[in-house]
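Work through the exercises below with the sequence and the coordinates at hand. Each task is followed by a solution in steps.

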Amino acid sequence: MATTMSTPAVRPRASLGRVLDDLGASLLDLVHGVPERDLDIGGVVIHDPADQPVLPPGALVLGVGVAAEDVADLLGSLGEQDAAGLVLRAPVPVTDEVRAAADRAGVAVLGLSRGAPWAHLAAMLRSLLAEGDVAVADSESLGGLPSGDLFAVANAVAALLDAPVTIEDRSSRVLAFSGRQDEADPSRVETILGRQVPERYSRILQERGVFRELHRSDRPVYIEPVNEAGDPFSMPRVAVAVRAGEEVLGSIWAAVRGPLSAERTEALCDAAKLVALHLLRVRAGADVQRRLRTDLLSQALEGGPGAREAAERLGLTGQSLMVLGVSVVRPSVEAAPDADPAVDLEGDPVVAHDRQRVGDAFAMHLSALHPRSASALVGDVTYGLVPLPRGVADGEDRAVRIARDFLERVGDRATVVVAIGPVAAEVGALPDARAGVDRTLRVLREGRGERRVARLADVQVEALMTDLRDMVAARGDRPTGSLARLIDYDRVHQSQLVQTLEAWLDAFGDVVAAAATVYVHPNTFRYRLRRVAEVGELDLTDPDARFVAMLQLRVLGADGG
């Protein structure tokens with residue numbers, strides 16, 4: 001078991017043939033077409049008839065909810081964009097028209113098994129494709145298998161045990177599975193389709209003490225099936241924990257006919273050590289990829305000599321980009337029920353966790369919309385860059401829709417705000433777009449959750465006032481002239497002249513309306529307003545004087561800053 005290293009390079013992406021080999025029988029079925037075995041898939045895209053996405057060459061398109069009568073036309077459109085395949089929910093309506101359209105387009109038609117969630121298929125596909133996203137050595141291998149390729153590992157273990165195998169994490173989520181799953185019982189098929197061991201079986205295993213025994217031992221555990229007539233858990237299982245030192249990374253599960261031989265038991269123990277190395281490689285690769293994308297995206301947003309190269313490595317040159325920023329205003333309610341959004345959240349581990357969780361969710365949300373989108377957590381903000389389809393002029397409006405859809409998905413577990421920057425027509429415009437995002441986010445953060453999505457144009461006044469407050473704070477400015485005299489008078493005489501002036505200005509000179517806001521009679525308010533003019537030496541008929549007074553009140557505050 002050796003690991004060899006060479007000069008870092010990008011591993012080729014998975015081909016359509018590889019996808020069918022790894023996910024076939026249980027999740028996907030080739031309905032029509034002959035997939036090119038060496039054609040790399042360029043990305044996974046969810047089809048949206050209301051908002052046509054830009055497809056990368058070799059895209060695998062998930063036709064969620066596509067009507068039978070629209071399949072032939074969709075295949076024609078996909079062929080024009082060099083898509084590799086179209087996935088439809090089984091049973092797929094394969095008519096002569098659909099076959100002819102698929103042949104003309106050169107697009108394979110695949111069927112997703114009934115009962116399998118689209119989200120789980122997308123996650124599995126992206127897991128396969130992610131192997132080409134991390135810079136690794138072409139010759140890097142573990143145990144003779146490509147490093148981090150869990151599906152290849154699962155098939156190798158299945159061959160050693162002569163049984164279908166799943167590799168699962170600590171929460172019984174399926175990370176990869178071997179072929180021959182049709183030889184197992186219905187509960188295994190249900191596990192594959194749901195990408196998770198069904199809760200009722202997890203409960204049974206928990207009650208039997210299987211997980212406790214599995215996590216305490218480094219030897220395989222034999223599990224008898226449920227002895228109930230008609231129960232789909234009808235085949236025995238053999239499982240072994242996958243460890244890195246004392247840490248349990250996951251487990252290997254094989255559906256077997258009976259107890260393993262001594263030779264195969266030892267083979268499973270050795271396989272657990274190999275799987276541990278691959279799981280650690282996947283974890284390390286994810287960390288490397290996250291850091292790399294963060295560095296590249298940060299460099300592109302900052303501008304400068306390296307910005308264009310960074311954007312090229314992200315695949316984002318030659319197109320207009322929608323720029324979004326996501327920030328956590330208040331951490332998870334269950335973790336910090338009394339948190340105040342105005343307090344300093346820096347250094348709070350709960351907030352750090354929520355930022356990473358929300359950032360990962362945002363990245364997944366954007367990748368479902370466009371496979372070449374990029375996002376990364378930079379400081380306390382997750383920035384997202386999404387290519388804008390050519391000829392489309394409503395980039396900011398589209399970004400607002402993306403943001404609102406994301407907030408609906410993420411829910412209210414943590415208070416999250418999303419800012420939309422100006423569309424960047426080219427890489428050199430990204431720093432200005434990012435500045436617009438940052439200014440908008442600051443307004444949203446200070447709004448105490450009342451508004452959760454905004455463009456810079458929506459908060460232009462608030463953003464400008466914030467900029468002015470920063471400027472006067474940096475210079476140490478204090479109220480001068482009329483406002484200073486009114487503040488001093490109120491402080492000595494316990495009067496409300498500043499409040500009166502502010503109410504009158506806010507009401508555009510409507511005395512009755514202004515009096516109502518401070519709960520006094522209009523005649524009383526008129527008397528106070530005369531005192532404002534006298535004490536402050538303020539000509540209320542002069543528009544410039546009114547503007548200066550209002551600006552000082554907004555920037556410095558009625559208390560003098």
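R434 is buried, since its relative accessible area is 17% (buried means under 20%, exposed over 50%, partly exposed in between, with a 1.4 Å probe and protein chains only). The model is predicted, so local features need pLDDT of at least 70 and side-chain atom pairs count only at pLDDT 80 or more, while totals for chains, interfaces and linings use all residues. Residues are numbered from 1 along each chain as its sequence is written, and side-chain values use heavy atoms, with hydrogens and water left out.

**Exercise 1. Find the salt-bridge partner of R434 and relate the pair to its helix.**

Step 1. The side chain of R434 meets that of D438 in a salt bridge at 3.5 Å, N to O (a side-chain nitrogen of Lys or Arg within 4 Å of a carboxyl oxygen of Asp or Glu).

Step 2. Both residues belong to helix α13, residues 430–446, and because they are 4 residues apart, about one helical turn separates them. Helices (H or I, at least four residues) and strands (E, at least two) are DSSP runs numbered from the N terminus.

Step 3. D438 is partly exposed, because its relative accessibility is 28%.

**Exercise 2. Which parts does the salt bridge between R451 and E462 tie together?**

Step 1. The closest N and O atoms of R451 and E462 are 3.0 Å apart.

Step 2. R451 sits in the loop between α13 and β19 and E462 in helix α14, so the pair ties together parts 11 residues apart in sequence.

Step 3. R451 has 34% relative accessibility and counts as partly exposed; E462, at 31%, is also partly exposed.

**Exercise 3. Describe the salt bridge of R531, then give the total for the structure.**

Step 1. R531 and E534 meet through their side chains at 2.8 Å, N to O.

Step 2. The two residues lie 3 residues apart in helix α18 (residues 522–536), about one turn of the helix.

Step 3. With a relative accessible area of 24%, R531 is partly exposed.

Step 4. Elsewhere, D162, R180 and E183 are joined into one network by salt bridges that share partners.

Step 5. The structure holds 19 salt bridges.

**Exercise 4. Locate D458 and H32, and list a polar contact of each side chain.**

Step 1. D458 is in the loop between β19 (453–455) and α14 (460–475), and at 34% relative accessibility D458 is partly exposed.

Step 2. The D458 side chain reaches the backbone nitrogen of R455 at 2.9 Å. A polar contact is a pair of N or O atoms within 3.5 Å; within protein, one must be able to donate a hydrogen and the other to accept it, and residues adjacent in sequence count only if both atoms are side-chain atoms.

Step 3. Between D458 and T440, 18 residues apart along the chain, the C-alpha separation is 8.6 Å.

Step 4. H32 lies in strand β2, residues 28–32, and is buried at 17% relative accessibility.

Step 5. The side chains of H32 and D103 make a polar contact at 2.9 Å.

**Exercise 5. Which residues make the nonpolar surface patch of about 260 Å²?**

Step 1. F547, V548 and L551 make this patch. Patches consist of residues with over 30% relative accessible area and no salt bridge, with like charges joined within 9 Å and nonpolar side chains (Val, Leu, Ile, Met, Phe, Trp, Tyr) within 5 Å. Accessible areas come from the Shrake-Rupley method with a 1.4 Å probe.

Step 2. L551 lies in helix α19, residues 543–556, and is partly exposed at 31% relative accessibility.
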